[in-house]
Structures are given as C-alpha cells and as structure tokens.
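Work through the exercises below with the sequence and the coordinates side by side. Each task is followed by a solution that proceeds step by step.

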Amino acid sequence: MKNLGIYIHIPFCRSKCPYCDFFSLVKTDTAAAYLEAVNCRLEQFQTGEYKADTLYIGGGTPSVLTGEQVASLIETAKKHYGTPAEITVECNPSDVDETFLRRIYAAGANRLSFGMQSAVASERRALGRRADRVQVENAVRLAADSGFANISLDLMLGIPHQTADSLHESICFCASLPVQHISAYILKIEEGTYFGKHRDALTLPDEDATADLYLQAVEELEAAGFRQYEISNFAKPGYESRHNLKYWHLEEYLGVGAAAHSFVGGRRFYYERDIAGFIAGAKPVDDGAGGDREEAVMLALRLREGVETALLSDSARKKIPFLKAQGYVTELDGRVAFTPQGFLISNTLITELTE
Amino acid sequence: MPFDKSKIRNFSIIAHIDHGKSTLADRLLELTSSVAKRDMTAQILDDMDLERERGITIKAHAVTLNYTAEDGEEYMLNLIDTPGHVDFNYEVSRSLAACEGALLVVDASQGVEAQTLANTYLALDNDLEIVPIINKIDLPAAEPERVAAEIEDVIGIPCEDAPRVSAKTGINVEAVLEKIVSDIPAPENHDDKPLRALIFDSIYDNYKGVVVYAKIVDGCIKNGDTMRMMSTGAEFTVVDVGRMRATSMESTGALYSGEVGYITASIKTIHDAKVGDTVTLATNPAAEPLAGYKEVQPMVYCGVYPADGADYENLRDALDKLKLNDASLSFEPETSGALGFGFRCGFLGLLHLEIIQERLEREYDLDLVTTIPSVVYKIHMTDGSVLDIDNPTHYPDPADIDFSEEPMTETHVYAPADCIGTVMELCQDRRGTYIGIDYITPERVDITYKLPLNEIIYDFFDTLKSRTRGYASLDYEIKGYEKSNLVKLDVLLNGDMVDALSYILHAEKAYPRARRIAEKLKANIPRQMFEIPIQIAIGGKVIARETVKAMRKDVLAKCYGGDITRKKKLLEKQKEGKKRMRQFGKVEVPQEAFMAVLKLSDDDK
C-alpha cells in the first residue's frame with residue numbers, strides 16, 4: 001500500500017476576504033450536492049493501492065459546513081483509505097461552536113487551522129476578518145477543551161497598518177494560546193481580489209519594512225518555541241504539518257474538489273474552478289509531469305533543511321560561495337539551505353539555483 | 001508625341017502637417033477621375049501606414065492627372081508631392097525645382113506655420129508661382145479672412161481670390177483645379193536641347209529595380225536610350241518610361257521636356273539614382289548638369305540594437321531593405337559591451353531617425369534599443385589631425401585633444417506671441433544665442449536663435465511642444481561648426497562601464513545631466529541580490545552617484561492547495577524576465593532602464 005495525502009477543497013465562505021484569491025463562493029446552496037460529489041470521487045479514486053496518512057480539509061472555509069457534513073467527509077475518507085494519522089480542518093474562529101468541534105473531533109479530526117491573520121483590531125478590520133481577537137481566543141480554547149492538541153494559527157505579514165509593535169502584539173497573543181503551529185504568510189496583492197483592484201488605496205509597509213517584519217516574526221516565533229521549518233511555517237517540535245510537508249517532499253497527494261490540485265503517479269492534475277462542473281462529474285485536467293530535479297530543488301529549498309548539494313547543477317553550485325558571502329544561504333552536511341534573509345528573496349534565489 | 005506644352009501644369013502642395021495636404025490631393029484625384037471612388041482609401045498619396053497615421057508625407061511621390069478645364073481644353077496636371085519636414089529639406093527643394101508652381105494650403109483655423117513658411121521660401125527661391133488655398137473652411141473655428149490677411153502680410157502674396165475650400169467635405173475644390181490652370185505657368189519648350197532630366201525621387205521596386213521619378217527639363221528620353229547620370233557618369237539602358245497614375249504606371253515610350261514621369265533602366269540601387277542628379281543621354285550629353293545637386297550627409301547618428309540578440313540578422317535585413325528606398329539612411333555594424341551586436345546608423349535628423357525606428361519596429365516587428373542620438377563632432381587633436389566623432393565610444397583621451405567643435409544651426413521657432421518668454425527661456429537653456437524676433441502677425445512670432453544641433457536633437461521639439469501647448473513649430477538650418485567645450489559622460493554600474501550610455505555633451509550641462517541619469521537608473525534598475533553603486537563620471541572623476549539597495553523581499557509564501565505548477569510558472573516567468581535583462585558583470589539591467597535614460601527629458605523631473 002502506498003501512502004497518500006488527501007486534500008478536500010471546500011469552496012464556500014460566508015464572505016470573501018479582500019486579499020484572498022483562493023477559489024470560493026459565498027453562495028452555499030450547492031454544498032450538499034458538492035459534498036456528495038466529493039464523497040463519490042474519493043470512493044472512485046481508490047484502486048486498492050493507496051492508504052491515506054494525512055487528510056486536509058481546506059478552503060474556502062470548511063467551518064461553513066455543519067459538523068455533521070465535515071464528519072461525513074472524514075468518515076468517507078477513512079472508509080476507503082484507512083485512518084490518516086493527521087486530519088486537519090481549516091476553521092474560521094467566528095464559525096466554530098462546541099457542537100461542531102466535538103462532532104468533527106469524534107469523527108477523527110485531530111488538527112485545526114484557524115485563520116486569525118492578526119490579533120490587532122485595526123488590522124483585522126482592514127483584512128475583512130469578522131471575528132475580534134476575543135472570539136479567536138475563545139475558539140482556540142474551546143477547541144483545546146474539545147480535545148484538539150494540535151492547533152495552528154495563520155498570521156499575516158506586511159498587511160495594511162502593520163508595524164513592528166503591532167506584529168509583536170499578534171505574536172505574543174499567539175504564544176499565550178494553546179497552539180502548536182503558526183503559519184506566517186507575507187501578504188501578496190493578487191489580481192482579481194478586492195485589494196488587487198484597489199491597490200493604490202492601500203497603505204502597505206514597503207519592501208524594506210515588510211522584510212523587517214518577516215525577520216522579526218522569525219526571531220520572535222523562534223523565541224516563543226515555534227521553530228521555523230518552512231518559508232512561512234513554524235511549529236513546536238513534532239507539530240510540523242505532515243500534510244504540507246508532502247508538497248515540499250514531492251510525496252503523492254490527491255486533491256478532491258473544485259480547484260483542488262493533485263500529484264499522483266508522477267502526474268500533476270487538477271479540477272477546474274467550477275463547482276457545478278465538479279458536481280456534474282467533470283474530469284480533472286492534466287497539468288503535466290511532476291517531480292523532476294528542478295521541482296525537487298525548488299520545493300526542497302522552501303524547507304529549513306534545504307536541498308542536498310548533490311541535487312544542484314554545476315552552474316548552481318558555482319553560485320553558492322557568492323550567496324553564502326551575501327548571507328542568503330548556509331551549507332552544512334552536504335545540504336544547501338536558505339537563511340531567513342534567503343527565504344525573503346527565495347524566488348530570485350531559486351531562479352538562480354535552477355537555471 | 002509630345003503633349004502640348006501649353007497644357008501642362010507641374011505643381012506641388014505646400015502645407016503644414018495636418019493642414020490638409022493629403023486630403024486635398026485625394027480630392028483632386030477624385031475630381032479628375034484618376035481614382036475610382038471604390039479604390040479610394042483615404043489619402044492615396046501617403047501609401048505607408050506610418051505616413052497615414054502621423055499625417056506626415058515622408059517621401060515624395062508624383063501623379064499625373066488629366067483635367068478638362070472650363071475652357072474646354074484638356075490639361076495634364078502633374079502633382080509632385082513633397083515631404084513635409086525639416087529633415088527632408090533637400091528633397092523638398094528638388095521636388096519644388098521640378099515644378100512651375102505650388103499650392104500653398106493653409107488651415108483656416110490655424111494660420112501660417114513654420115514649415116509652411118520655410119517651404120514657401122524654398123518655392124520662391126525656385127521661382128515658383130504660389131497659389132494660396134485656404135482650407136478647412138468648414139471648421140467652426142475657421143477664420144478664412146484673417147488667415148488670408150496673414151498670408152498677405154507674412155508671405156506678401158495677394159489672397160483676395162485664393163480659393164476658400166474644404167478638402168474634407170469637397171466644398172469649392174474645383175476652383176483649385178481652375179486656379180492651377182489659370183495661375184501656374186506652363187513649362188518652357190526645350191525639346192530640341194540635349195536631354196537634362198532632374199531626378200526628384202526614386203524608389204526601389206523588386207521587379208523593375210529602381211524607378212526614377214524625374215522632370216524632363218530639356219530634350220527627350222525614349223525606351224532603349226542609353227542614359228547617363230551626370231554626377232557619376234554611370235550609364236544604363238532605358239527599359240521603360242511613362243507617367244505615374246494614381247494607382248498604376250502608364251508606359252508612354254517617351255517623355256519630353258516639361259513632362260514629369262518615371263524611368264526604369266534596370267538600375268540596381270537608388271544610390272545610382274540620387275535625388276537632385278541630372279540624367280542625360282550618352283549619345284548626346286548635355287554640357288552642364290542642372291544646378292542644385294548635392295550629396296546629403298547624415299547629421300544625426302545613433303546605435304540601433306535588437307532587444308533580443310537573436311534578431312541581429314533580421315535587423316540587418318530590415319535595414320538593407322529600408323536603405324533600398326532611402327538613400328539618406330546609412331548604417332554600419334557596431335558592437336557594444338552593453339547591448340551586443342547592432343548598427344551605427346546615420347540619419348538626416350531626428351524625425352528621420354524616429355521614422356526609421358518606427359518602421360523597423362512596426363513593419364519588421366523588431367524590438368529595438370537605441371542609444372542617445374549624437375551629432376558629428378570635430379575633434380582637433382594635439383597632433384594637428386581632426387577626427388569626426390559621432391559615437392561616444394570613439395571619443396579620444398581628453399589629454400590628446402587640442403580643441404573640439406560642434407555643429408550649429410540657425411533655428412526658427414514660430415510660436416504664439418504670448419509664448420515668447422517660454423521659447424526664449426528654452427533656447428537660452430539650450431545654449432542658444434539670440435538672433436531676433438519677427439512679428440509675423442500681432443499674435444505670431446518668428447523667434448530666431450543660433451543653437452547647437454546637439455541641443456535640438458535631444459528632445460528639444462517635444463519640450464518646445466509641451467511648453468507651448470503644441471502651438472510652436474520649428475525649422476532649422478545647419479550653419480557650420482563652432483568651437484565648444486565638450487566632455488564625455490560615462491556611466492558605471494557596480495564599477496563596470498556601460499558603453500551604450502556614454503554621452504558627449506557641453507561641459508556646463510554635464511552636472512545636471514549626470515544627476516538625472518543617476519536618478520533615472522536608480523528608479524529603473526530593480527533591486528538585486530546585492531547593492532549596486534551607480535556612478536556617472538567624466539574621465540576618472542565621479543560627478544554623480546546613487547545606490548540601488550540590495551533586494552529585501554521576493555517571495556511567494558503561500559501555497560495554493562498544492563498547486564506546484566503555479567509556482568513553477570512563476571519561476572519560469574522570472575527566468576524569462578531575467579533573459580530580457582542586459583547583464584553587466586553581475587548586474588542585470590532591464591530594457592526600461594536604458595529607455596528611461598535615453599529618453600530623459602527636461603520636463604520629466
């Protein structure tokens with residue numbers, strides 16, 4: 001039996017956040033049919049050779065569903081692929097109540113990822129987050145009380161109005177809660193989002209300020225016991241997200257749902273951003289072969305452990321001394337890895353190292 | 001059979017850009033049934049896209065029209081079109097020399113403009129009869145009587161019976177044809193003299209070779225004759241002669257004095273049929289060529305490089321093809337450390353440069369980088385030799401220079417009177433020496449300055465236009481060389497010199513220019529993995545400095561549900577972007593940074 005990560009995309013939200021370009025709709029009247037289609041695809045895909053070791057229900061906002069609906073997804077996955085060791089459900093802190101949490105915990109969910117983004121009221125408003133920080137705190141404590149011992153919070157960097165002080169406040173807030181994992185993403189203004197359309201009206205920290213915020217986040221999170229293991233992910237030891245690591249380790253994963261991406265059997269494929277099509281039985285779209293050396297380098301370099309030097313081309317290896325001197329990479333035990341300064345310019349560096 | 005000379009009229013049309021020359025020409029073609037209505041695309045005479053778009057006639061053309069006048073007689077009208085810009089003054093003068101008269105078309109809402117006046121004076125120098133036409137009377141802002149008075153004042157020709165027309169709507173255009181017949185003199189009969197034909201244009205045709213457009217001044221030329229170019233002595237057998245019709249060539253077998261037509265003779269390049277040259281017959285040559293021939297010299301040079309080095313051969317082919325039809329374009333290969341392989345091209349002036357550049361980009365689909373245009377400097381060396389330098393790369397060691405000279409112009413700016421201060425300020429700022437102001441009318445002035453040519457080619461016209469709300473026009477004439485205090489600016493990125501950005505200029509302009517180049521580069525060079533010093537230097541002395549700070553952030557932190565392909569595409573895009581950069585040592589410089597420096601303008605601060 002081969003290990004498989006399963007990702008289920010829930011393309012529904014109560015409201016669209018102004019920065020988010022993930023695929024989701026506010027209209028949820030098709031949710032029941034959609035979940036049925038997901039369950040159906042999960043069953044169809046199992047040819048008998050896979051067992052799931054991770055399940056990740058993301059979105060969108062899975063917590064717009066009822067506990068029963070989420071539980072049924074988990075139960076279908078377990079029925080066909082066995083019980084995954086890590087079952088994550090993404091939640092909006094303002095959605096969850098005790099019934100929901102207890103139901104999905106009972107079904108087997110053992111990891112929650114809360115979209116917090118910021119603990120500072122003015123920043124949260126700018127990001128269109130509904131809950132206030134008290135609700136975030138309540139949701140996290142309720143989750144912990146419901147049995148969840150692996151909780152992650154999302155934190156955003158480089159957002160409107162953010163300063164070193166306000167970031168410090170958000171990080172202290174995270175550290176005060178029973179959470180084991182933090183994802184800290186730098187805001188990127190995407191085309192097609194509200195922010196994308198109103199870019200000029202945003203007062204964002206500039207490149208240098210944003211870089212400083214990132215470095216501050218790395219330092220403060222490490223000090224609080226959250227060790228950086230990927231460009232934007234930090235965890236208490238042993239709480240790294242097994243599912244997300246599959247992406248960077250070129251392991252196999254199956255994405256089910258509209259806009260979900262898969263890497264199975266050396267091929268990448270995905271479902272279109274089309275809920276009705278998915279319900280109607282649309283086939284996934286082939287996205288070419290995956291897993292070549294260039295991909296391996298590109299993905300491994302996102303991790304703190306970096307990439308084996310041997311995997312780099314000759315011309316890439318020749319650039320290492322210069323990059324080391326600039327403070328962007330370290331070289332240790334036959335591996336090349338980015339420093340936090342290197343992570344900050346990882347697009348440029350990966351481009352250099354995969355030429 | 002020769003056409004009855006008394007029924008021939010040879011004329012051209014003088015007009016400022018946009019005053020309606022091409023539209024009027026089209027109307028004349030229509031009225032003389034030279035073109036079927038269905039074949040009329042607007043403005044037949046301007047047959048290049050670019051000409052149509054810019055409303056500028058770039059190269060002269062000619063066309064023969066048959067017109068039955070009110071007196072019942074049939075006339076042969078030869079319309080010789082002229083290029084409408086200062087860069088092509090010489091071509092204009094040769095076209096005018098082929099005519100006995102000219103229509104002076106003035107926009108009834110605008111009045112007399114610089115080029116109009118300059119070309120009118122050229123026409124008067126050639127003893128042409130000037131027939132004023134007041135056009136665009138259909139416009140709400142038209143003031144035909146005021147404009148008529150202005151023409152009388154400025155040029156001194158009577159205007160009371162000048163036809164008031166609208167070429168656009170066709171109002172009163174017949175009157176123009178009658179005026180041509182009644183006012184413009186017929187050519188003289190010199191059929192018995194040895195052949196002298198004035199070449200006023202030539203084009204290259206893939207099948208016929210060079211097609212020479214000529215006015216037969218004396219004698220006659222027939223198919224089978226052996227013709228001789230009087231400037232070079234080169235001889236060719238005449239294959240075909242005839243008249244140019246609006247949409248075809250009409251072979252006649254012979255052309256006689258007073259007539260205008262084409263000659264083909266298997267001539268391989270237009271350099272063998274230069275504008276202004278005289279054609280005679282080998283068997284019965286004329287003693288003297290017609291007056292006024294001169295070799296045109298490029299006045300402005302710049303480097304032209306393909307943005308993508310792989311396009312070098314395509315650029316060469318394109319230049320070769322353009323040169324087939326443009327004797328005044330010159331080019332030779334050059335290499336730049338910064339831009340790779342390209343060509344040093346010579347142009348008559350800035351407009352000529354822009355036209356060639358646009359044609360290369362548009363008709364040949366080339367993406368180009370051009371260096372800052374340069375004039376030809378005369379560098380007198382301490383050993384007594386004199387170097388002609390049109391390329392900063394060849395600028396000698398200042399220690400070996402005795403003194404330098406730069407080309408000067410006499411420049412006329414025609415502007416509304418309330419812009420005098422603005423124009424004078426600009427001219428003063430461009431190292432101009434005031435010569436005088438003439439009031440053309442109480443509202444319009446002719447401001448004359450002596451200006452260095454290098455100040456004019458660097459964005460003078462655009463600045464003039466923007467500072468005068470588009471109302472000023474410009475005409476200049478080269479007036480020899482004068483001593484000047486020149487220096488060469490060099491640009492260094494991360495310590496490496498970028499040869500393509502070197503620039504020769506007057507010493508007093510060096511500091512502010514250096515400052516702005518540095519600022520522009522800083523604004524346009526993206527931050528890279530390390531800090532990049534930008535230095536602008538004269539010799540070894542840095543006179544301006546900026547720094548591009550090291551890049552801090554270039555990261556895609558988020559991962560869209562395992563969508564690795566999206567990340568890969570992003571990296572590929574980044575690699576593509578990198579390929580479009582020019583590499584200097586470790587520094588990558590995008591095209592835009594070059595453009596920003598090359599297009600640096602006074603008003604763009």
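On a 1 Å grid over the protein atoms alone, a pocket is an open set of points with protein on both sides within 12 Å along at least five of seven lines, whereas a cavity is a set of points where a 1.4 Å probe fits but cannot get out; lining residues have an atom within 4 Å of a point. Grid points are joined across faces, edges and corners, and a volume is the space filled by probe spheres set on the points.

The model is a predicted one, in which local features need pLDDT of at least 70 and side-chain atom pairs count only at pLDDT 80 or more, while totals for chains, interfaces and linings use all residues. Residues are numbered from 1 along each chain as its sequence is written, chains are lettered from A and ligands numbered from 1 in the order in which they are written, and side-chain values use heavy atoms, with hydrogens and water left out.

**Exercise 1. Describe the second largest pocket and the residues that line it.**

Step 1, volume: the second largest pocket holds about 970 Å³ of space.

Step 2, centre: the lining has 31 residues, and those closest to the centre of the pocket are Thr348(A), Met551(B), Asp554(B), Gln574(B) and Met581(B).

Step 3, elements: with helices (H or I, at least four residues) and strands (E, at least two) taken as DSSP runs numbered from the N terminus, two or more lining residues come from each of α12 (314-325) and α14 (346-353) of chain A and α13 (564-579) of chain B. The largest share, 6 residues, is that of α13(B).

Step 4, domains: in chain A, domain 1 (2-247) and domain 2 (304-354) each give at least three residues to this lining, the bounds being those of an automatic or database domain assignment.

Step 5, character: the lining divides into 13 charged, 11 nonpolar and 7 polar residues, where Ala, Val, Leu, Ile, Met, Phe, Trp, Tyr, Cys and Pro count as nonpolar, Asp, Glu, Lys and Arg as charged, and the others, Gly among them, as polar.

**Exercise 2. Identify what lines the second largest cavity.**

Step 1, setting: the structure holds 8 cavities of 30 Å³ or more, and the second largest of them has a volume of about 90 Å³.

Step 2, lining: chain A contributes Ile231(A), Met298(A), Arg302(A), Ser346(A), Asn347(A) and Ile350(A), while chain B contributes Leu556(B), Lys567(B), Leu570(B) and Leu571(B).

Step 3, elements and character: α14 of chain A and α13 of chain B each supply at least two of these residues, and the lining divides into 6 nonpolar, 2 polar and 2 charged residues.

**Exercise 3. Establish which residues of α14(A) are buried and what covers them.**

Step 1, burial: buried means under 20% relative accessible area, exposed over 50%, and partly exposed in between (1.4 Å probe, protein chains only). By this criterion 8 of the 8 residues of α14(A) are buried, namely Ser346(A), Asn347(A), Thr348(A), Leu349(A), Ile350(A), Thr351(A), Glu352(A) and Leu353(A).

Step 2, cover: with contact meaning heavy atoms within 4.5 Å, the cover includes α11 (293-300), α12, β15 (335-338) and α13 of chain A, together with α13 and β32 (587-589) of chain B.

**Exercise 4. Locate Gly342(A), Gly261(B) and Asp390(B), and find their contacts beyond four places in sequence.**

Step 1, Gly342(A): this residue lies in helix α13 (residues 340-344) of chain A and is buried, with a relative accessible area of 0%. Outside its sequence neighbours within four places, Gly342(A) is in contact with Tyr328(A) and Leu349(A). Its C-alpha atom is separated by 9.3 Å from that of Thr330(A), 12 residues apart along the chain.

Step 2, Gly261(B): strand β14 (residues 260-264) of chain B contains this glycine, which is buried at a relative accessible area of 0%. Leaving aside neighbours within four places, the contacts of Gly261(B) are Val212(B), Tyr213(B), Ala214(B), Gly242(B), Arg243(B), Met244(B) and Leu255(B). Gly261(B) and Asn78(B) are 183 residues apart in sequence, with 8.7 Å from C-alpha to C-alpha.

Step 3, Asp390(B): this residue belongs to the loop between β21 (386-389) and β22 (401-416) of chain B and is buried, with a relative accessible area of 18%. Beyond four places in sequence, Asp390(B) is in contact with Tyr301(B), Arg344(B), Ser374(B), Val375(B) and Val376(B).
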